[in-house]
Amino acid sequence: MKFHRWIAGWLFVPGLALGSGVVDEIAAHKHLGVASCASSVCHGATQAFKESNVMQNEFALWQEFDPHATKAYQALTGAEGQAIARKLGLGDATTAKVCLDCHADNVPADKRGEKFQIADGVGCEACHGGSELWISSHAEKSATHADNLAKGLYATEDPVKRAELCLSCHMGTPDRMITHRIMGAGHPRLAFELDTFTWLNPHYQIDADYIARKGDWNGVRDWAVGQGVAAANLLDVLLDERAGFQGIFPELVLFDCHACHKPMSAGKWAPRQGTGLGPGAVRLNDSNLVMFRLVLSVVDKAASERVLAQSRALHQSTLRDRAATLGAARALRDTLRAELPKVGAFDFGEATLSPILASVLTDAERGEFRDFAAAEQAAMAVQSVVVAFKNAGALDEARSKSLQTRVDALYATVDREDAYAMGPFVAALREVRAAAR
Ligand code: HEC
Ligand code: HEC
Ligand code: HEC
Ligand code: HEC
């Protein structure tokens with residue numbers, strides 16, 4: 001089954017097979033454990049080293065501030081995590097594979113070195129790959145980044161690879177599913193945006209030597225790529241017979257939560273051009289698809305229109321039958337996969353930022369952000385674009401401040417998902433757009 005899927009992905013676009021690929025790649029070599037990275041002459045310094053390429057205090061930053069160290073495993077020992085596992089009949093959450101897969105570095109027993117501790121949570125090697133082959137050589141003066149990658153270091157700097165990695169826990173893949181049953185037991189809803197999340201608790205800096213070793217960095221590109229990978233991942237899960245369907249229902253976690261979870265008296269229905277669905281339909285959560293379509297409107301106009309047509313076809317096929325749904329999902333996924341490399345290589349320079357904001361607003365004006373999840377993604381998108389404006393030096397201090405105040409006001413309209421209303425969201429978005437001109 002796994003082999004079959006791998007071959008299928010490989011035949012379409014080499015290097016872009018999503019899902020099980022990243023989990024297998026991270027677990028390809030032995031994980032020696034966080035303690036193996038933490039010596040004070042390695043990554044366990046208390047202060048950043050000035051003469052070194054990397055800060056070398058990564059362990060201290062991770063241990064003290066990073067929720068992957070401070071909260072991920074602890075979520076399973078705490079009362080909330082224990083209750084979720086109990087309701088699902090899983091017993092102790094700290095021994096349940098489904099929980100450990102995302103809340104720790106749950107590689108198989110034969111891939112754990114002597115210092116490996118599952119209770120370390122999402123440790124260095126859960127993101128950087130098993131260090132068995134590169135640990136002794138990667139700090140040598142002669143070691144290049146390419147040498148390290150060849151020995152199994154994971155390419156976290158590559159936005160497509162990074163998105164696949166983060167989403168394997170922050171969205172779920174066919175192999176690591178966060179199901180509606182898990183949500184029903186009380187698990188928080190997952191929401192992720194690559195650029196925003198990459199910079200929430202960083203233990204890295206993009207400086208001249210970084211760019212020399214690994215290439216330049218662009219936050220808008222990361223946002224854009226993250227949307228494409230997430231949209232393709234949604235379709236991968238839907239297309240997976242095991243993960244995409246539960247009995248007579250499709251897996252509900254793939255749908256817009258608020259299509260079902262709102263009071264019957266809300267009376268909020270109105271048409272959305274992006275779906276073409278009538279009232280009373282359960283809608284796929286297309287928030288990442290909507291965003292990726294907006295990305296494509298600046299990268300490849302024709303592809304953006306194709307994504308709109310194919311998304312509408314997918315939404316409407318869900319009311320017909322399973323075969324039509326799978327066919328439409330496959331066609332759309334092929335379009336997304338073909339566009340991802342173009343988006344990754346596109347120069348999101350200053351001139352593209354304003355058109356992106358404009359296209360978000362155009363969609364908003366015609367009612368595309370009726371659903372909370374899409375509005376939430378749009379708010380994170382606007383934040384990434386505004387930060388990129390700032391980093392490009394396009395804003396003086398005063399404009400930068402006034403723009404950020406408006407972005408904060410936009411975030412406030414998506415703060416409480418159960419109280420979300422489209423009107424205030426669109427009004428706040430208009431304010432951001434006006435200030436960015
Ligand atoms: C697909 C990956 C995935 C799976 C499977 C998963 N979780 Fe989570 N869980 C997450 C992520 C990611 C978050 C953080 C959400 C956020 O803040 O964005 C989280 C958050 C939580 C929280 C809230 C923690 C806090 O700090 O508020 C608890 C409790 C929890 N998970 C328990 C569990 C239990 C118990 C299981 C097994 C039944 C489980 N999770 C399965 C990814 C997963
Ligand atoms: C949640 C995933 C994640 C975890 C856990 C993690 N890292 Fe990272 N790390 C990243 C990302 C993303 C980057 C930035 C992209 C890049 O350059 O690879 C990075 C970059 C780095 C860099 C390179 C900075 C540079 O200038 O090239 C070092 C060194 C590093 N991490 C060490 C560690 C150590 C040590 C740990 C454990 C204490 C750790 N990381 C845990 C994701 C992670
Ligand atoms: C092995 C699974 C796993 C991987 C891989 C992973 N994360 Fe996480 N991440 C988690 C879990 C679990 C939590 C939740 C911790 C908690 O709050 O209980 C989390 C929390 C976070 C948070 C804090 C969210 C909040 O609401 O405060 C950020 C930011 C984050 N992750 C970013 C990333 C990024 C960026 C990547 C990819 C470079 C990544 N993560 C990869 C499992 C993972
Ligand atoms: C197709 C409709 C549908 C969709 C879409 C849907 N749910 Fe549900 N949800 C239900 C039903 C039905 C129940 C079971 C209610 C019961 O047990 O009485 C439920 C139960 C829940 C519960 C438990 C509520 C309780 O009273 O304990 C939570 C939490 C939940 N869903 C979260 C979500 C999240 C998060 C999403 C989106 C990722 C989502 N749901 C999408 C229909 C849906």
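Which side chain has an N or O atom 2.8 Å from a nitrogen atom of ligand 3? In this predicted model, the side chain is that of His 170, and a polar side-chain atom of His 68 likewise lies 2.8 Å from a nitrogen atom of ligand 3. The backbone takes part as well, with an N or O atom of Lys 71 placed 3.3 Å from an oxygen atom of ligand 3. Two or more residues of the surrounding shell are supplied by each of helix H4 (67-70), H7, helix H10 (159-170) and H12, and of these elements H10 gives the most, with 5 residues. Around ligand 3 there are 19 residues, of which His 68, Cys 102, Cys 166, Cys 169 and His 170 come nearest, and the shell divides into 11 nonpolar, 5 polar and 3 charged residues.

The surroundings of ligand 2 can be described in a similar way. Its shell consists of 19 residues, with Cys 124, Cys 127, His 128, Thr 156 and His 203 coming nearest, and by character the residues divide into 8 nonpolar, 6 polar and 5 charged. Helix H3 (58-65), helix H8 (124-128) and helix H13 (208-214) each provide at least two residues of this shell. Several polar contacts involve oxygen atoms of ligand 2: a polar side-chain atom of Thr 156 lies 2.5 Å from one such atom, a polar side-chain atom of Arg 213 lies 2.9 Å from an oxygen atom, and a backbone N or O atom of Glu 157 lies 3.4 Å from an oxygen atom.

The iron atom of ligand 2 has His 128 and His 203 as its protein donors, each through the atom NE2 and at 2.0 Å. The angles that its 6 donor atoms subtend run from 86 to 180 degrees, and the arrangement is therefore octahedral. Because His 128 belongs to helix H8 whereas His 203 sits in the loop between H12 and H13, the pair ties together parts of the chain that are 75 residues apart in sequence. His 128 has a relative accessibility of 26% and so counts as partly exposed.

For the iron atom of ligand 1, the protein donors are the NE2 atoms of His 103 and His 187, which lie 1.9 to 2.0 Å from the metal. This site is octahedral too, with angles of 85 to 179 degrees among the 6 donor atoms. Since His 103 is part of helix H7 (residues 97-103) and His 187 lies in the loop between helix H11 (180-184) and helix H12 (194-198), the two histidines tie together parts that are 84 residues apart in sequence. His 187 counts as buried because its relative accessibility is 18%, under the limit of 20%.

The iron atom of ligand 4 has His 180 (NE2) and His 261 (NE2) as protein donors, at 1.9 to 2.0 Å, and angles of 86 to 179 degrees among its 6 donor atoms make the arrangement octahedral. Here the pair links distant parts of the chain, with His 180 in helix H11 and His 261, 81 residues apart from it, in the loop between helix H16 (257-260) and helix H17 (287-299). At 30% relative accessibility, His 180 counts as partly exposed.

At the level of the whole chain, the protein is divided into domain 1, covering residues 29-151, and domain 2, covering residues 219-436. The C-alpha centres of domain 1 and domain 2 are 32 Å apart.

Conventions. Residues numbered from 1 in each chain as written. Chains lettered and ligands numbered in written order. Predicted model: local features only at pLDDT ≥ 70, side-chain atom pairs only at ≥ 80, totals over all residues. Heavy atoms only, no water. Domains from an automatic or database assignment. Donors = N, O, S within 2.8 Å, 3.2 Å for Na, K, Ca; no water. Tetrahedral: all angles 85-135°; square planar, octahedral: opposite > 155°, others 65-115°. Helix = DSSP H or I, 4+ residues; strand = E, 2+ residues; numbered from the N terminus. Buried < 20%, exposed > 50% of the residue type's maximum accessible area, 1.4 Å probe, protein only. Near = heavy atom within 4 Å. Polar contact = N/O pair within 3.5 Å; in protein donor to acceptor, adjacent residues only side chain to side chain. Nonpolar A, V, L, I, M, F, W, Y, C, P; charged D, E, K, R; others polar.
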